[in-house]
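Let's take a friendly walk through this protein, from its overall make-up to a few individual residues. Please keep the sequence and the 3D view open as you read.

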Amino acid sequence: MQKIPLNLAQPGMVLEKPVLRDNGLVLVAEGTELSEPLISRLENMGVKNIIVQGEPLELEGMAGTTSYAQRIERLDHLFRKFKDDPWMNQVKAFLKAYYEQKAAEQIQPQKQND
């Protein structure tokens, strides 16, 4: 099981946990296999992250052993004491966008080869 940014989702991945709206309403049930149209619909609904089955994404060529998905998850913890600081929120948003972009860049060549 791993929580990944939606932009890293690929057709064929299976949801480990349901995708919920803010009010708790189930958008997509657990066990659902992702497809391109479903991923697009979730993007249009503003879903940012999903939890899928399987091992953590292998992102070769990155420093250290922590995946970008794990780094993104860790940002909330690292910046938890700065929720009211606009500057630190900008730093957090920049880092999140950077990690998402780097992870997507490494996933794209894999999609093109498939």
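## Overall make-up

Of the 114 residues in the protein, 29% are buried. Keep in mind that this is a predicted model. About 7700 Å² of the protein is exposed, and carbon and sulfur atoms supply 49% of that area.

The protein has 3 helices and 4 strands. Read from the N terminus, the elements come in the order β-β-β-α-β-α-α. Among the contacts with a separation of 6 or more, 60% are between residues 24 or more positions apart.

## Helix H1 and its two sides

Which residues of helix H1 are buried? In this helix, residues 36-44, they are Leu38, Ile39 and Leu42. These residues lie on the same side of H1, because they cover an arc of only 100° around the axis. A general rule helps here: an α-helix has 3.6 residues a turn, so residues three or four places apart point the same way.

What do the buried residues of H1 pack against? Their partners are S2 and strand S3 (26-28). On the other side of H1, Pro37 and Asn44 are exposed. After H1 comes Gly46, which has a positive phi, near 85°.

## Helix H2

Helix H2 spans residues 68-78, and its buried residues are Tyr68, Ala69, Arg71, Ile72 and Leu75. Here too the buried residues lie on the same side of the helix, because the arc they cover around the axis is only 165°. Note that the charged residue Arg71 is in this buried group.

## The largest pocket

If you like to look for empty space in a model, there is a simple way to picture the search. Rolling a probe the size of a water molecule over the atoms shows where empty space is left. In this protein, the largest pocket has a volume of about 280 Å³. The pocket is lined by 14 residues, and those nearest its centre are Val19, Leu20, Arg21, Val47 and Lys48.

What kinds of residues make up the lining? They divide into 8 nonpolar, 2 polar and 4 charged. Strand S2 (19-20) and strand S4 (49-52) each supply at least two residues of the lining. S4 gives the largest share, 3 residues.

## Leu27 in strand S3

Leu27 is found in strand S3, one of the two strands against which the buried residues of H1 pack. Is Leu27 buried or partly exposed? Its relative accessible area is 26%, so Leu27 counts as partly exposed; the cut-off for a buried residue is under 20%.

Leaving out residues up to four places away in sequence, Leu27 touches Val19, Leu20, Arg21, Met45 and Val47. Val19, Leu20, Arg21 and Val47 are also among the lining residues nearest the centre of the largest pocket. The C-alpha atoms of Leu27 and Leu42 are separated by 8.7 Å, with the two residues 15 apart along the chain. Leu42 is one of the buried residues of H1.

## Lys48 and Asn49

Lys48 sits in the loop between H1 and S4, and Asn49 is found in strand S4. Lys48 is exposed, because its relative accessible area is 55% and the exposed class starts over 50%. Asn49, at 27% relative accessibility, counts as partly exposed. Lys48 is also one of the residues nearest the centre of the largest pocket.

Which residues do these two touch, apart from those up to four places away in sequence? Lys48 touches Ile4, Pro5 and Leu6. Asn49 touches Lys3, Ile4, Pro5 and Leu6.

How far apart in space are Lys48 and Pro5? From C-alpha to C-alpha they are 5.8 Å apart, although 43 residues apart in sequence. For Asn49 and Leu8, which are 41 residues apart along the chain, the C-alpha atoms are separated by 9.1 Å.

Note on methods. Residues are numbered from 1 along each chain as its sequence is written. This is a predicted model: local features need pLDDT of at least 70, side-chain atom pairs count only at pLDDT 80 or more; totals for chains, interfaces and linings use all residues. Side-chain values use heavy atoms; hydrogens and water are left out. Buried means under 20% relative accessible area, exposed over 50%, partly exposed in between (1.4 Å probe, protein chains only). Contact means heavy atoms within 4.5 Å. Accessible areas come from the Shrake-Rupley method with a 1.4 Å probe; for residues, only the protein chains shown count as cover. On a 1 Å grid over the protein atoms alone, a cavity is a set of points where a 1.4 Å probe fits but cannot get out, and a pocket is an open set with protein on both sides within 12 Å along at least five of seven lines; lining residues have an atom within 4 Å of a point. Grid points are joined across faces, edges and corners, and a volume is the space filled by probe spheres set on the points. The arc is that of the directions from the helix axis to the C-beta atoms.
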